[in-house]
Amino acid sequence: MSSYIEKVRSVNEKREAPPLAHVHNYGCQLNVTDGEKLKGILLQMGYGFTELPEEADLVIFNTCAVRENAEERVFGNLGFLKQYKEKKRDMIICVSGCMTEQSVIVEKIKSSYKYVDIVFGTNAFDRFPQFVFEIMNGRKHFYDEQGPGNDLSEGIDQIRSSTFKASVPIMYGCNNFCTYCIVPYVRGRERSRSPEVIVDEVRKLVNDGYKEIMLLGQNVNSYGNDLNGDISFPELLRMINAIDGEFIVRFMSSHPKDAGKDLIDSITECEKVGNFLHLPVQSGSNSVLERMNRRYTAEKYLEIIEYARSKSDDFTFSTDILIGFPNETNEEFEDTLKIVEKARYSNIYSFIYSKRTGTKAALIEDAVPYSEKQERMQRLLELQRQITTEDYKKYIGKTLTVLCESEGKGGEGTLTGKSREFIIVNFCGDKSLIGSFVKVKITGARNWAVDGELV
Ligand code: 5AD
Ligand code: SF4
């Protein structure tokens with residue numbers, strides 16, 4: 001890779017002013033990390049950065065394929081770029097990430113967005129400098145269609161967007177093939193990074209002052225399965241917990257079929273890991289879970305929650321819920337409401353099912369109208385609102401440790417952050433506290449956050 005980095009750099013150094021790049025990430029945190037790596041490569045190639053695509057000499061849309069609306073936004077924004085490319089002929093427009101791993105998308109770009117110069121996939125980072133160099137040297141297009149591949153893309157210095165919160169991928173890809181999900185097709189099979197590399201990276205981040213380390217993987221619970229079974233995710237958590245320093249460890253996502261007592265034990269025993277678990281349930285109906293190929297039942301799922309709360313009654317959970325899987329009946333949806341009532345999540349992320357070409361569920365003829373799905377979504381959100389309105393009251397009078405993240409919505413003098421339990425906490429204080437841990441005594445509760453005072 002480095003020889004092409006040098007080549008692009010020497011072209012860029014001959015320009016009157018350093019060229020600017022704009023990287024826009026869509027979708028999940030893993031994609032944000034990929035975008036940070038791309039920025040690292042761009043910096044080495046001599047680019048500065050701009051938030052304004054119209055100002056940029058090189059634009060990357062780092063895309064997401066999980067739902068159709070994310071794809072529509074990419075195409076909308078690409079359409080918008082056309083006018084700038086017409087004014088600035090040597091602007092280089094790149095589309096990367098999950099969408100580009102689908103041949104229908106690449107064909108659409110080739111036919112309707114001919115001004116896109118480079119299309120490259122989730123594992124082509126090492127070849128990206130070559131693509132840029134060739135476009136600079138007159139090649140018309142570069143469409144990389146090698147598929148998701150097996151790389152781990154190690155050794156790239158990221159340009160991190162935060163100075164105190166860092167995401168660290170521990171594995172890439174997914175082997176689960178939930179029937180609605182495109183991820184296994186666009187991200188390939190599970191590949192775990194070596195535990196030594198991960199621990200080294202976390203140690204460096206902590207030494208650099210990072211206070212929150214977010215470990216990322218599509219299913220962190222299968223971490224290590226491809227490493228001769230020498231290490232498991234709970235063991236990795238313990239290794240990271242043993243690193244010296246003041247920091248908190250979070251992780252996502254966990255697949256319930258692989259989340260056992262050993263995971264809960266490691267969370268409660270590691271003092272740097274908050275008593276919090278994001279555990280996507282998707283549905284509370286066993287028949288829907290089966291059609292989704294999730295490989296657990298609602299009862300098994302609730303056992304994990306019960307076990308966690310038997311170990312620590314302040315254990316909080318959040319979840320993802322997929323509404324309107326093809327032909328989900330009203331009764332099946334009611335089962336989702338029931339599990340939400342039982343689990344008492346501190347937060348839910350709910351999505352209306354989006355048909356993804358290439359997945360098994362996309363082949364099912366769906367009789368449920370979209371308006372019905374929207375109504376179900378409203379019912380779910382209303383229920384969750386009632387739950388958090390009640391449950392957040394239990395924090396009143398308690399003192400929580402909070403990582404202060406930014407100014408609050410109330411403007412100057414107000415701050416907001418997240419507690420170890422991943423609850424949003426609003427309080428008043430000086431913005432010099434941003435990026436540090438503070439103690440906040442909780443004085444009030446809303447349905448999405450709690451309010452408090454600095455101790
Ligand atoms: N439609 C809607 N939501 C989806 N998710 C995954 N695939 C789809 C889809 N086809 C949701 C799941 C997953 C989260 C990251 O995105 O709830 O947990
Ligand atoms: Fe998609 Fe299921 Fe893999 Fe999660 S576990 S990325 S929902 S296939």
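**Figure 1. Strands β17 and β19 in a closed barrel of the predicted model.** Two strands count as paired if DSSP finds at least two bridges between them. Strand β17 (residues 424-428) and strand β19 (residues 450-454) are joined by two bridges and run parallel, so they satisfy this criterion. In this pairing, Val425 of β17 stands opposite Val450 in β19. The two strands belong to a closed barrel of five strands, which runs β15-β16-β17-β19-β18 and has mixed pairing. From one strand to the next, the twist averages 50°.

**Figure 2. The open sheet β12-β13-β14 and helix α13.** Three strands in the order β12-β13-β14 form an open sheet with parallel pairing. Strands β12 (276-278) and β14 (347-352) occupy the edges; each has a single partner strand, and therefore one side of each lacks a neighbour in the sheet. Averaged over the sheet and with direction ignored, neighbouring strands are turned by 10° against each other. Between β12 and strand β13 (residues 316-323), three bridges make up the parallel pairing. One residue pair to locate in the view is Phe276 with its bridge partner in β13, Thr316. Helix α13 (residues 370-391) packs on the sheet and touches β13 and β14, its direction making about 175° with that of β14.

**Figure 3. The largest nonpolar core, with Leu215 and its contacts.** This core has 67 residues, and the residues with the most contacts inside it are Ile213, Leu215, Phe233, Ile240 and Phe251. Helix α11 supplies the largest share of the core, namely six residues. With neighbours within four places in sequence left aside, Leu215 is in contact with Val168, Ile170, Val220, Phe233, Leu237, Ile240, Val249, Arg250, Phe251 and Met252. A second core of 26 residues is separate from this one and includes Tyr26, Ile105, Val106 and Ile182.

**Figure 4. The buried side of helix α4.** Within helix α4 (residues 103-112), the residues Ile105, Val106 and Ile109 are buried. These three lie on the same side of α4, because they cover an arc of only 100° around the axis. Ser103 and Val104, on the other side of α4, are exposed. The packing partners of the buried residues of α4 are α3 (68-87), β4 (92-97) and β5 (118-120). Two of the buried residues, Ile105 and Val106, are also included in the second nonpolar core.

**Figure 5. The surroundings of Ser96 in strand β4.** Ser96 is found in strand β4, one of the elements against which the buried residues of α4 pack. The relative accessibility of Ser96 is 0%, so this residue falls below the 20% limit for a buried residue. Apart from neighbours within four places in sequence, Ser96 is in contact with Leu38, Ile60, Phe61, Asn62, Thr63 and Phe120. For orientation, Lys211 is 115 residues from Ser96 in sequence and 30 Å away in space, C-alpha to C-alpha.

**Figure 6. The salt bridge between Arg160 and Glu36.** The closest N and O atoms of this pair are 3.9 Å apart. Arg160 belongs to the loop between β6 (142-143) and β7 (165-169), whereas Glu36 belongs to helix α2 (residues 29-44), so the salt bridge ties together parts that are 124 residues apart in sequence. Both partners are buried: Arg160 has a relative accessible area of 19%, and Glu36 has a relative accessibility of 9%. By the criterion applied here, the count of salt bridges comes to 33.

**Figure 7. The salt bridge between Glu212 and Arg250.** The side chains of Glu212 and Arg250 meet at 3.3 Å, N to O. Because Glu212 lies in strand β10 (residues 212-216) and Arg250 in strand β11 (residues 248-252), the pair connects parts that are 38 residues apart in sequence. Both residues are buried. Arg250 also appears among the contacts of Leu215.

**Figure 8. The salt bridge between Lys300 and Glu303 within helix α11, and a network elsewhere.** The closest N and O atoms of Lys300 and Glu303 are 3.4 Å apart. Both residues lie in helix α11 (residues 298-311), three residues apart, which is about one turn of the helix. Residues three or four places apart point the same way, because an α-helix has 3.6 residues a turn. Glu303 is partly exposed, its relative accessible area being 43%. In a separate network, Glu36, Arg160, Arg193 and Glu201 are joined by salt bridges that share partners.

Key
Residues are numbered from 1 along each chain as its sequence is written. Chains are lettered from A and ligands numbered from 1 in the order in which they are written. This is a predicted model: local features need pLDDT of at least 70, side-chain atom pairs count only at pLDDT 80 or more; totals for chains, interfaces and linings use all residues. Side-chain values use heavy atoms; hydrogens and water are left out. A salt bridge is a side-chain nitrogen of Lys or Arg within 4 Å of a carboxyl oxygen of Asp or Glu. Helices (H or I, at least four residues) and strands (E, at least two) are DSSP runs, numbered from the N terminus. Buried means under 20% relative accessible area, exposed over 50%, partly exposed in between (1.4 Å probe, protein chains only). A nonpolar core is a set of buried Ala, Val, Leu, Ile, Met, Phe, Trp, Tyr and Cys residues joined through side-chain atoms within 4.5 Å. Contact means heavy atoms within 4.5 Å. Axes are lines fitted to C-alpha atoms, for helices over the stretch in contact, and angles run from 0 to 180 degrees between N-to-C directions. The arc is that of the directions from the helix axis to the C-beta atoms.
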